[in-house]
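I opened the model today to look up a few points and write them down in order. The entries below follow the order in which I checked them.

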Amino acid sequence: MKKEVLNTPNNIIKGKIEIDSQINKLYYRILYNIQKENRQYIIKAKKGEELTEDQANILEELDRIGYLKCTVSYDEIQSIIRRRNDQVKEEVLKRFIALQTAIFRFSTGETTNEETQTQLIGQVSVSDNSYTVSLSAKLYRYLFYSVGVGFTPVNLAVLFNLKSQYSQALYVTLRSWSGVKREIEYTVEELREIFNVGSKYKAYKNFKQKTINVAMDEINNTSAMKIVEFKEIKKGRSVDKVVFVVEDLEPRFVLEENKDDSTEDKSVIWLDYIKVENEALKERLELKYNDMNFESPIVKALFHKSYDKTLNKDNRFTMIQDKKGKSNFALFNFIVNGEIFTHELSVESQFKINSTTQTLF
DNA sequence: CGGTAAGAGCATCTTTATTT
DNA sequence: AAATAAAGATGCTCTTACCG
């Protein structure tokens with residue numbers, strides 16, 4: 001069997017079948033079903049927060065159990081594989097084989113430098129009305145919890161088409177944060193760990209040239225994610241931290257079906273990238289600030305800034321939500337008011353100029 | 001087997017910007 | 001304003017592994 005191995009030590013060893021977006025969808029579905037049928041292993045924690053004891057125990061148990069199982073029904077297969085001709089057993093199995101032969105290598109890297117190499121899915125068995133698929137518990141843990149906590153399946157179709165190992169690493173980590181905040185900051189040291197460069201590229205210039213630049217170029221050439229801006233924050237003369245400003249163009253929750261599921265996402269985007277919990281809340285915002293001109297770049301910048309500040313203070317998955325006792329909507333409004341206040345002078349002077357020019361006519 | 005390409009490392013020169 | 005460290009740009013070599 002021929003396997004395409006990329007020339008550098010890489011996260012991914014491609015199987016003989018290309019992972020396309022359809023197979024990626026299938027994989028998303030498997031991950032989703034795995035979650036659904038193994039609810040006891042779901043950890044609902046916020047990013048950057050310490051895990052509770054119970055949650056830590058869940059992670060430990062995941063390490064012990066070896067693999068998780070789920071079923072994928074024929075109906076689900078049909079909704080993913082649209083072409084009638086491809087809905088036959090042989091074709092479906094071909095797609096499972098693609099996932100079975102593609103190998104993913106990762107290090108959980110918490111205590112030791114342990115590396116794991118596993119197929120994207122394990123055993124597949126066929127029954128009368130469904131497929132039963134197993135998935136390595138370690139891989140599940142890595143995909144969902146390692147890079148940060150949250151439900152963040154990476155897009156394999158994107159991942160597999162990134163050539164450089166650094167692109168892959170950066171994509172996975174940015175993807176894991178992009179649902180939470182737009183500006184993602186790392187110290188150079190953290191980034192070195194993420195890229196696993198060890199003692200290579202001691203000088204930042206070399207590091208940047210060989211890893212960051214390569215990765216950003218490649219990621220920006222995908223249609224899944226755009227790194228809009230890259231900032232370097234200096235401490236003295238040397239770069240200490242870097243910030244990626246990311247626009248994630250991939251839907252976060254591809255799992256739209258099952259309306260009763262609590263992970264369902266109805267969020268809408270307001271003013272370029274402000275993620276609002278739902279349409280109703282967005283309307284509320286627009287109504288509340290209906291005296292503002294949303295076309296104005298100044299106004300936009302003001303809201304963007306307030307939004308970023310809100311997320312920094314209250315980092316949750318859904319951005320501006322308004323649930324009983326769990327609202328960062330109020331915080332956002334508070335910050336907006338503060339911003340309006342500090343900008344008032346300039347806004348006012350602008351207004352005055354306008355009104356005087358108007359009186360001339 | 002040799003050609004090719006990517007990654008890595010090193011050296012050199014130029015540019016930028018902080019420090020004094 | 002001058003000194004100087006850091007970063008940028010470029011080019012060369014070496015290694016490795018793919019590919020015909």
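Leaving aside its neighbours within four places in sequence, which residues is isoleucine 212 in contact with? I looked this up in what is a predicted model, and I found isoleucine 212 touching Leu191, Phe195, Tyr204, Phe207, Phe230 and Phe244 once those sequence neighbours were set aside.

**Entry on isoleucine 212.** I placed isoleucine 212 in helix H9, which runs over residues 204-220. I then looked up its accessibility and noted that isoleucine 212 counts as buried because its relative accessibility is 0%, the cut-off for buried being under 20%. For one of its contacts, phenylalanine 230, I also noted the separation: the two residues are 18 apart in sequence, and their C-alpha atoms are 9.7 Å apart in space.

**Entry on the nonpolar cores.** I next looked up the largest nonpolar core and found that it has 61 residues, with Ile30, Leu170 and Phe244 making the most contacts inside it. Helix H7, covering residues 165-178, gives the most to this core, and I recorded its contribution as 7 residues. Turning to the domains, I noted that this core draws at least three residues from domain 1 (1-148) and at least three from domain 2 (156-249). For isoleucine 30 I listed the residues it touches, not counting those up to four places away in sequence, and these are Cys70, Val72, Phe96, Leu99, Ile121 and Val133. Apart from this core I found another, of 19 residues, which includes Trp270, Val276, Met292 and Leu311.

**Entry on DNA strand C.** How many residues lie around DNA strand C, and which come nearest? I recorded 7 residues around the strand, of which Lys208, Gln209, Arg237, Ser238 and Val239 come nearest. Of the atoms of DNA strand C that come within 4 Å of the protein, 67% belong to sugar and phosphate. Two phosphate contacts went into my notes: an N or O atom in the side chain of lysine 208 is 2.9 Å from a phosphate oxygen of DNA strand C, and for valine 239 a backbone N or O atom is 2.9 Å from a phosphate oxygen of the strand. The elements giving two or more residues to this surface are H9 and strand E9 (238-248), and H9 gives the most, with 3 residues. By residue class, I noted that the surface near DNA strand C has 3 charged, 2 polar and 2 nonpolar residues.

Methods:
Residues are numbered from 1 along each chain as its sequence is written. Chains are lettered from A and ligands numbered from 1 in the order in which they are written. This is a predicted model: local features need pLDDT of at least 70, side-chain atom pairs count only at pLDDT 80 or more; totals for chains, interfaces and linings use all residues. Side-chain values use heavy atoms; hydrogens and water are left out. A nonpolar core is a set of buried Ala, Val, Leu, Ile, Met, Phe, Trp, Tyr and Cys residues joined through side-chain atoms within 4.5 Å. Buried means under 20% relative accessible area, exposed over 50%, partly exposed in between (1.4 Å probe, protein chains only). Helices (H or I, at least four residues) and strands (E, at least two) are DSSP runs, numbered from the N terminus. Domain bounds come from an automatic or database domain assignment. Contact means heavy atoms within 4.5 Å. A residue is near a molecule or strand if one of its heavy atoms lies within 4 Å of it. A polar contact is a pair of N or O atoms within 3.5 Å; within protein, one must be able to donate a hydrogen and the other to accept it, and residues adjacent in sequence count only if both atoms are side-chain atoms. Ala, Val, Leu, Ile, Met, Phe, Trp, Tyr, Cys and Pro count as nonpolar, Asp, Glu, Lys and Arg as charged, and the others, Gly among them, as polar.
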